[in-house]
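Dear colleague,

I am passing on to you the structure we spoke about, with the sequence alongside. Please look it over first, and then read the notes below, which go from the whole chain to its parts.

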Amino acid sequence: MIIRRSFKFCAAHIVRNCTSKRCSSSLHGHNYVVEVFISANKLDNAGMILDFGIFKNEIADFIDGFDHGYHFWNLESQEIQKFIHQNSARYIALSHNPSAENYALLFLYFIDKIIGAMSFGNDEGEIKVLSVRVHETDHGYAEAFRSDLEDRNFTQNLSLDSIEFSPAIQEEWKDKEMMQKLKNYYTSTLAKKPFIYTRPTQQVQK
Ligand SMILES: [Zn+2]
């Protein structure tokens with residue numbers, strides 16, 4: 001069984017090296033739609049794969065971090081990077097070119113990590129992100145699948161350090177330390193899961 005949650009954000013970029021001249025040489029923006037597909041091997045105490053309310057916290061904040069930002073490949077010239085740092089509060093430096101395909105891989109990778117760092121309290125099953133679709137326009141989307149995370153052709157530049165959110169973006173998160181907590185969890189063998197969901201009141205006993 002699969003559930004789907006969608007998110008939106010607006011952002012600007014230049015997609016370097018692409019065939020389309022407009023995309024590769026001009027600042028432009030898109031109204032992105034991100035669809036996240038999740039499965040589990042059982043339902044929780046409420047009969048759900050994963051309560052949609054849970055998506056409103058770390059996952060929503062992570063995706064909202066991309067909103068109203070300028071996103072650039074961190075191989076852009078120092079001149080451009082310096083200009084953005086100085087003139088745009090919300091920006092993201094990425095370890096790869098900001099194509100729809102790379103966004104899909106990036107969201108899949110990070111949402112999988114975020115869910116892996118969640119401690120659930122309602123007898124949820126094994127929650128997995130199956131795929132993530134990223135729409136730049138009404139006409140097409142890129143979809144990254146879980147199996148793509150095993151393929152070095154897709155993930156060679158992907159790590160927990162793949163995204164540098166500007167300070168202004170992190171300031172607006174409910175949990176300003178969210179990304180640091182995520183990195184700590186996956187780099188320390190002693191760290192406990194940082195995103196904790198406590199057991200809700202069970203109004204009806206099974
Ligand atoms: Zn574009």
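A good place to begin is helix 4, where 13 of the 17 residues are buried, so this helix is largely enclosed by the rest of the structure. Please keep in mind throughout that this is a predicted model.

As for the chain as a whole, it holds seven helices and nine strands, and its C-alpha trace spans about 60 × 35 × 30 Å along the principal axes. A compact globule of 206 residues would have a radius of gyration near 17 Å, and the chain, with 18 Å, agrees with that. Of the 206 residues, 29% count as buried. Among the contacts with a separation of 6 or more, 69% are between residues 24 or more positions apart.

To return to helix 4, which covers residues 100–116, its 17 residues should span 24 Å at 1.5 Å a residue, and the end C-alpha atoms are indeed 24 Å apart, which agrees. The largest nonpolar core has 44 residues, and those with the most contacts inside it are Ala-104, Phe-107, Leu-108, Ile-111, Ile-114 and Val-132. Helix 4 supplies the largest share of this core, namely 12 residues. In soluble globular proteins, nonpolar side chains tend to be buried together. If residues up to four places away in sequence are left aside, Ile-114 touches Glu-58, Ile-59, Phe-62, Leu-182 and Phe-195.

The next feature is the sheet. Seven strands form an open sheet with mixed pairing, in the order 7-6-2-1-3-4-8. Its edge strands are strand 7 (141–145) and strand 8 (163–165), each of which pairs on one side only. On average, and with direction ignored, neighbouring strands of this sheet are turned by 30° against each other. Helix 4 packs on the sheet, where it touches strand 2, strand 6 and strand 7, and its direction makes about 150° with that of strand 6.

Strand 6 deserves a closer look. Six of its eight residues are buried, and the strand is thus mostly covered. On one pairing, strand 6 (residues 128–135) runs antiparallel to strand 2 (residues 28–39) over seven bridges, with Ile-38 standing opposite Val-129 of strand 6. On another, strand 6 and strand 7 pair in the antiparallel sense over five bridges, and here Val-134 stands opposite Ala-142 in strand 7. A hairpin of five residues joins strand 6 to strand 7.

Finally, there are two backbone details that you may wish to find in the model. Most residues other than glycine have a negative phi. Asn-17, however, has a positive phi of about 70° although it is not a glycine, and its place is in the loop between strand 1 (2–13) and helix 1 (21–25). His-68, likewise not a glycine, has a positive phi of about 50°, and this residue lies in the loop between helix 2 (58–64) and strand 3 (69–73).

Are these two residues buried or exposed? Asn-17 has 9 other C-beta atoms within 10 Å, and a residue with 12 or fewer counts as exposed, so Asn-17 is exposed. His-68 has 15 other C-beta atoms within 10 Å, which means that His-68 falls between that limit and the 20 or more needed for a buried residue, and is therefore partly exposed.

With best wishes

How values were computed: Residues numbered from 1 in each chain as written. Predicted model: local features only at pLDDT ≥ 70, side-chain atom pairs only at ≥ 80, totals over all residues. Helix = DSSP H or I, 4+ residues; strand = E, 2+ residues; numbered from the N terminus. Rg over C-alpha atoms; globule rule 2.2 N^0.38 Å. Contact = placed C-beta atoms within 7 Å. Expected span 1.5 Å × (residues − 1). Core = buried A, V, L, I, M, F, W, Y, C linked by C-beta atoms within 7 Å. Pairing = 2+ DSSP bridges. Axes fitted to C-alpha atoms, helices over the stretch in contact; angles between N-to-C directions.
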